[in-house]
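Subject: Handing over the structure, with notes

Dear colleague,

I am passing on to you the structure shown below, and after it I set out what was found, grouped by region so that you can follow along in the viewer.

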Amino acid sequence: MKPFKNSKLALYSTLAKFKRPKSYLGKIMLVAFLGTHIPLLTLFFYSISVTTLTIDTKIHVLIVALIATLVGTALTLIILQKLLFPITLTAKGLRQYLENNQIPQLPTQFKDEVGILMADTLYTISKLDELIEQLKNYDRLTSLPNRQLFESKLKEEIDKAQKNQSSLAVLILDLDGFTNINNNLGKESGDLVLRTVAQQLTNYVGNTELLSRINADEFAILYPNLTSLEKLNNYSERILNTLAQKMLVNNEDIYLSATIGITIYDQEKVEPQEIMNQGEIALNLAKEQGRNTYRFYSTEMNEKLRRRFELERDLYRALEREELQLFYQPQVDIETGKFTGAEALLRWQHHQHGFISPALFIPIAESSDLIISISKWVLETACKQNQIWTGAGFPELCVAVNLSAKQFQQPNLINEVSEILTITNLKPSQLELEITEGLLINDVQKAITTLEGLHKLGLVTALDDFGTGFSSLSYLKRFSIDYLKIDQSFVRGIPHDADDVAITRSIIALAHSLQMGIIAEGVETIEQANYLKDNGCHKLQGYYFSRPICSQDFTELWEKNLEE
């Protein structure tokens, strides 16, 4: 590159050759000093030399003059530095943007030459940054987000999905036979087809989805908040139908079609690039099996997710169909052997698939707001059944109901429980609400307030699965808890497993010290029951006494227990 030459830069070029001063500010200060003070001092010294004053007077005047000159010089240099600061600020702002890609903060209200320089610099940098952002993150031909921006947004949505326990889908779309269009009609026509397709897809996708061009003739769609596989199927089919239309390009009729590969993120730890690769694999599978169609990443995943969403769909109607029911597992007083409580456990008898494991359908319900209505139904049904037993002359029994996370977080929980007790005419002491540790540690103060409110109603409260979570013992004493439930994973190993024995003893000792009752669940053998009795446990629950059974069978079992 040839050096820039301009006669008006001659002085600047000359000064630039010197090692000192390095900065532009220093150069101006040097010129200002030499240009004003050297002539002034020369004139002053000449005036002193030609006067008839005494030597002492001349020296005195010289000292005063030198001091005044130094003070004036310092003030002049300070003022010059302040006046030149806008140029320094602009230069630093430019450097800041070049090195850190950070837009500087420059004033824009001044109207002189320096003010215009700062305002124009800020405007230029802002426009340049927009252009760079556009070139870096958006496709030049279609103006859609490119692959880099798509994967960045995908990473954000994955984080949201993990936090909210939701799902999302990525659709990779390829135009069938696009190479033939380019070869036969030319690149210009091919580009026009791509722009047209981009516009059609843009008009179709919703505000929550993200459309991107990720390759020559490939597009990607990010479909967040996936709630139904059926909706996703319909969505994909409509995209294919939208593109499978005749298109007029440069007076030529073009019949286009597309193939889609779909992959779904469903709480498995995975990187955006892996999801994109899965979509590409599904796309290739779809091409092998026939164009103008869509396929999921794998048959196994497809069936698994289809099954999940089918269950979710059917779960919405399970209450209407009266497919949900409560089973009851007795809680036995360790001293008398009599039933003093029962845990209500939810079961689902599907109209087609039969018994559905709670481990399968409860997480599905908990991932949606459906769990709120189901939880309310469980609570109300358990209270009604307990009142039926009381009305039939059975001794008062305390029925335990598990509170779901979303149910516990409802602001109207206390009022709702109170209303159910009133409607069912059940004594508060006949209802036990079980809460897991995880519900308490998310918002300790709110948990304390909620538990205190439930306790004021006269309910019994229990901390379920104690020891399996992460609650702090410093908080435990602040919770209004009547019982600790020893998780079955600890009970299973006693009395032979030393670790389980140690943990069980510690939990029992802790409960005693906090004046709480102890319920052990998962009791399956006489040895376990005897060990827990000898170590101070209050109630036992498990297969040794009974599996969870329907209300009718529980009634019959209870009658036998009373006769013993």
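To begin with a single residue, in which loop is Pro495 found? Pro495 lies in the loop between α18 and α19, and please keep in mind throughout that this is a predicted model. The peptide bond that joins Ile494 and Pro495 is cis, with omega at about 5°. As general background, most peptide bonds are trans, and most residues other than glycine have a negative phi.

That background also applies to two further loop residues. Glu322, in the loop between α10 (299-318) and β8 (324-333), is not a glycine and yet has a positive phi, near 60°. Its relative accessibility is 71%, so Glu322 counts as exposed. Gln515, which belongs to the loop between α19 and β15, likewise has a positive phi, about 60°, without being a glycine. With a relative accessible area of 76%, Gln515 is exposed.

The sheet

The next part of the model to look at is an open sheet of five strands, whose order is β2-β3-β1-β6-β7 and whose pairing is mixed. Its edge strands are β2 (210-213) and β7 (294-296), each of which pairs on one side only, and from one strand to the next the twist averages 20°.

Going through the sheet in that order, β2 pairs with β3 in the antiparallel sense over four bridges, and a hairpin of four residues connects β2 to β3. Within this pair, Leu210 has Leu222 of β3 as its bridge partner. Strands β1 and β3 are also antiparallel, pairing over seven bridges, and here Leu173 stands opposite Phe219 in β3, while Val170 stands opposite Leu222 in β3. On to the next pair, β1 and β6 run antiparallel and are joined by eight bridges, with Thr263 in β6 as the bridge partner of Val170. Finally, β6 (residues 258-265) pairs with β7 in the parallel sense over three bridges, and Ile262 stands opposite Phe296 in β7.

Helix α9 (residues 272-289) packs on this sheet, where it touches β1, β3, β6 and β7, and its direction makes about 140° with that of β6. Helix α5 (residues 147-164) lies across β1 (167-175), β2, β3 (218-226) and β6, and runs at about 15° to β3.

How many of the residues of β1 are buried? The count is nine of nine, and the strand is accordingly described as mostly covered. In a regular strand, side chains alternate between the two faces of the sheet. In β1 both faces are covered, with Ser167, Ala169, Leu171, Leu173 and Leu175 buried on one side and Leu168, Val170, Ile172 and Asp174 buried on the other. As for β3, eight of its nine residues are buried, so this strand is largely enclosed by the rest of the structure.

Helix α20

Away from the sheet, helix α20 (residues 526-534) has Gln528, Ala529, Tyr531 and Leu532 buried. Seen down the axis of α20, the buried residues fall within an arc of 165°, so they line one face of the helix. The general reason for such a pattern is that an α-helix has 3.6 residues a turn, so residues three or four places apart point the same way. What covers the buried residues of α20 includes α18 (488-491), α19 (498-513), β15 (517-521) and β16 (539-541). After α20 comes Gly536, whose phi is positive, near 95°.

A buried charge

The last residue in these notes is Asp464, which is placed in strand β13 (residues 460-466). Which side chain of opposite charge is nearest to Asp464, and how far away is it? It is Lys485, at 4.2 Å, and Asp464 is buried yet has no salt bridge. The cut-off matters for reading that distance, because a salt bridge here requires a side-chain nitrogen of Lys or Arg within 4 Å of a carboxyl oxygen of Asp or Glu. Leaving aside residues up to four places away in sequence, Asp464 touches Asn402, Glu434, Ile435, Thr436, Glu437, Lys485 and Glu521.

With best wishes

Terms used: Residues are numbered from 1 along each chain as its sequence is written. This is a predicted model: local features need pLDDT of at least 70, side-chain atom pairs count only at pLDDT 80 or more; totals for chains, interfaces and linings use all residues. Side-chain values use heavy atoms; hydrogens and water are left out. Helices (H or I, at least four residues) and strands (E, at least two) are DSSP runs, numbered from the N terminus. Buried means under 20% relative accessible area, exposed over 50%, partly exposed in between (1.4 Å probe, protein chains only). Lys and Arg count as positive and Asp and Glu as negative; His and the chain ends are not counted. Contact means heavy atoms within 4.5 Å. Two strands pair if DSSP finds at least two bridges between them. Axes are lines fitted to C-alpha atoms, for helices over the stretch in contact, and angles run from 0 to 180 degrees between N-to-C directions. The arc is that of the directions from the helix axis to the C-beta atoms.
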